[in-house]
Amino acid sequence: MAERKESIEARDFGWMVAMSFVFFALVAYGLYREFRTEWRPYQTQFVALLGHYGHADDAASFHPGIHQIWNPKIGVTDRCITCHLGYEWSSILPATIAEPLTPHSTNDWLAKHEFAKFGCTPCHGGDGWAVTAEGAHIGGKGWEDPLLSSALAASNGLTMNEMMQMRCNFCHRHDAATPGMEMINLGKQLYKKKKCVLCHVVEGRGGSTGPELTYFGDKNPELLNFAYVTGPRTMFNWNVQHVTHAGVVSPKTQMPDFNFEPQQARALTLLLLSWRRLSYPAEYIPDPDAAVAAMATPSPSPAATPSAAPSPVGAH
Amino acid sequence: MIDYLTRLWRKASWSWSPESDRESSEAIVRNLWLHWFPAKVARASIDWSYSFWLGTASASLLLILTVTGVMLMFFYVPSTERAYGSIKDLEYAVSFGRLLRNQHRWAAEGMVAVVFLHMARVFFTGAYRGSRAANWVVGIVLFLATLLLSFTGYLLPWDQLAFWAITVGTSIAKQAPMVGPTIQMALLGGHEIGQQTLLRFYVLHVFFLPAFIWIMFAYHMWRVRKDGGLAAVERVRNERAMAPKATPTTKSYSLFGLTPGTSVQVMSSTGLEEQDQVFSSPNVTRRLALVFLIVFNVTLVAALLFDAPLEGIANPAVTPNPAKAPWYFVWLQELVASTTVHLGPLVVSGAFLGGILIPGFLLIILTLWPWLDRTPLTSEGRWFPPARKRQNATFLAATFAIVVLIIIGVYLRGPYWHIYWPGQPRPTAPRLY
Amino acid sequence: MDNDRRRILRFLGKGSVLAAFVAQLGAAGRAFFPNVLYEPPSRFKLKRPDDYPDGYTFDAANRLFVIKQGPSFHVISAICTHLGCTVQWKDTEFDCPCHGSRFRPDGTVISGPAPRPLEWLSTMLSPDGFLQVDSGIEVARGFQLVVGKGKA
């Protein structure tokens, strides 16, 4: 009896000891992983950088950890600055510093769109909640709003600056024209010239021959017919081809073939994709008259000439 | 000093590692945590190969889920505007949040599987006969509560995966005759899934169902004691009864664990011999701790290696293609999708046939089986006795069919619910840009 | 020998479980200390130095006064040191509407129930050229931030 009792204990003993060690190892690994974050090395580099450029005080008072710009008025929780620490240091750090510490490039409209008021994602896209590069730039499965990188823009035949203008139009939708938004301005001109509103309802007014376009940017891409579309299966590509040769993409349509130039089609598509169900507080909506007045006196920015200039907003 | 500390430690922990038979017996009386155990259990019932300790594994998972769940409650917000963001915060901004959420998710999915395996074990060993029939029904109720807990928790992240899985699930519920729409209205708090649904599912998931399952679990354990232990003791008792015996063995068996002696002796209530039994403390307690440790390690490994899914925020206007129920319900979805019957002008909806009728029928048969079982009682408490061949084979076949349907639903169904074999390219959903 | 090994292994095993369990408790406790705060940060930016006129400018949203004299700046908190109401600038003194405390232009108490002078808040220039205040750090009366020539 005693030996059988012992044999139960003996058999279990080995397993108990083994599982105890495994438990210890797993917990230790869990702790290690929690502290080995992606952003920590960048923050250490940044502190060294500040010291190197003569800002020892700021280096000493730097708090390591997750940094975020939080603005509940527009629903922004942007932790991009946990890695992109140089964003407000463009007057001290050179633009040649490697990402993610590169300071934000200066341009005319940055002064009117302060970091604390706008955050990062309203202009750049991406997942502000994330603190890993992949999580923030691409987002997980089904994240519809990736970072508007040069690569993504190039795959749509655009520069990063041009693609970002789509997001500018989230707030600037009702400007007749806005300095710095050349593609959108072009799109708005075409929209007026071709009288889209004769067949499509937009913002409560228009004809019912075609579908309503007020929130075209929210449309489910799966509902589009890609049977006659060449190239990537994206809503952007579909719309560029549809707006140029409607009869090819939708054989039974009444929409005329407008035969746009590629750049015109892309401008119009950017405009349409910018039309989304978004609401911002009143102080964020720009005064449409101010924009028109600003267009009348163009600023001496190199970005004022469309498509000829290289992208002035960061180098990715 | 060391001696004093050692004595103090011994005073606090003696009941967990008894050093004599007397201490073993006293442990279950004087330690609150051990009071559920009998002084002795049949050795056969603690065999790994009998029960695989699946019941203990289920209970371990329930404990892990409760503790991780309560931790999560400090961070999750059950509001349609803030739920998704609170999960993102858990993933990125809360220390150990990702690990916590992962462990909760994998323990939950694991519990559905382990509870099912436990039920299968009980069925295969015929451990639901006689007085154990009541506990079988309690077990079915616990299994349904587990499924409901998993289902209500599934909605809480409020992402596309959650929203549409619950859409599919509640639409199946709506097909129940007469009461269907009422059930759906009560579940959803409306016709659509919205804030009221999220709040209901949250309260069900964090309070009502856990309270219910813990109370029923306690009753489940109480019934095990009342039934005299696991059904393996019946097998041992049958074997002993068939073996020739010189004189009836008696021993005094009482709460106070007195050893055999010359005072008044009572027939042992369990009818088991000395040699068939071991002390609960430390044999059962040690294995219990071991099983818990193994289960915990498995959930921790899963949590470290695999991330719980989180898709885009719930969008009622966009249905993902395809939209699937959680894996433990996807076999129902398969049935629903393929059992629509056209009898001339009459159409019997697959949602009713495959979603309500067939699983309802299976559930009723399963619940009533202890009373429908006609095999002799000598077959209980053992694995695959010849007398139980037919019913075990049927159960196995039904389980296999369900598993096949689950595999098809999870791995082989693609957009528009078409079958795509592994290696076959699937159409990717078009993106925005 | 075998028994000794068992004793050592048992001790190590129990020790591992105990250590890991304590570590888990520690991790659970750590999780309750937020890494991000959904609050306005204690260090925040105001406007650019050029956007302020000379004299006393009231910032209602941040509850402070920005005082400019040419290139020199300092910031005085508008929170009354008595019970926390927002004081008002009356050209020659600060008056608190709640219980009548009065403060000199440098924040010291003239009369009333206020126990301490109004706080002077740490002021600096942000890297991108905005006036920046850290409301959690108090500086001595007389502190000046001179813009264009570095800190005073």
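**Exercise 1.** Find which residues L224(A) touches, not counting residues up to four places away in sequence, and decide whether L224(A) is buried, partly exposed or exposed.

*Solution.* Take two residues to be in contact if their C-beta atoms, placed from the backbone, lie within 7 Å; by this test L224(A) touches M235(A), W238(A) and P430(B). The model is a predicted one, in which local features need pLDDT of at least 70, side-chain atom pairs count only at pLDDT 80 or more, and totals for chains, interfaces and linings use all residues. Residues are numbered from 1 along each chain as its sequence is written, while chains are lettered from A and ligands numbered from 1 in the order in which they are written.

Next, place the residue: L224(A) lies in the loop between α9 (182–193) and α10 (235–244) of chain A, where helices (H or I, at least four residues) and strands (E, at least two) are DSSP runs numbered from the N terminus.

Then count neighbours. A residue is buried if 20 or more other C-beta atoms, placed from the backbone, lie within 10 Å of its own, exposed if 12 or fewer, and partly exposed in between. L224(A) has 19 other C-beta atoms within 10 Å, and is therefore partly exposed.

**Exercise 2.** Check the span of helix α13 (residues 327–338) of chain B against its number of residues, and name what covers its buried residues.

*Solution.* The expected span of a helix is 1.5 Å times one less than its number of residues. For the twelve residues of α13(B) this gives 16 Å, and the end C-alpha atoms are 17 Å apart, which agrees.

The buried residues of α13(B) include F329(B), W331(B), L332(B) and L335(B). Their cover includes α8 (160–174), α14 (350–372) and α15 (389–412) of chain B.

**Exercise 3.** Describe the make-up of chain C, and explain why chain C is more spread out than a compact globule.

*Solution.* Begin with the elements: chain C has one helix and eleven strands. The radius of gyration, taken over C-alpha atoms, is compared with the globule rule, 2.2 Å times the number of residues to the power 0.38. For the 152 residues of chain C the rule gives 15 Å, but the radius of gyration is 26 Å, well over that value, so chain C is more spread out than a compact globule.

Two further values complete the picture: the C-alpha atoms of chain C fill a box of roughly 90 × 40 × 25 Å along the principal axes, and buried residues make up 21% of the chain.
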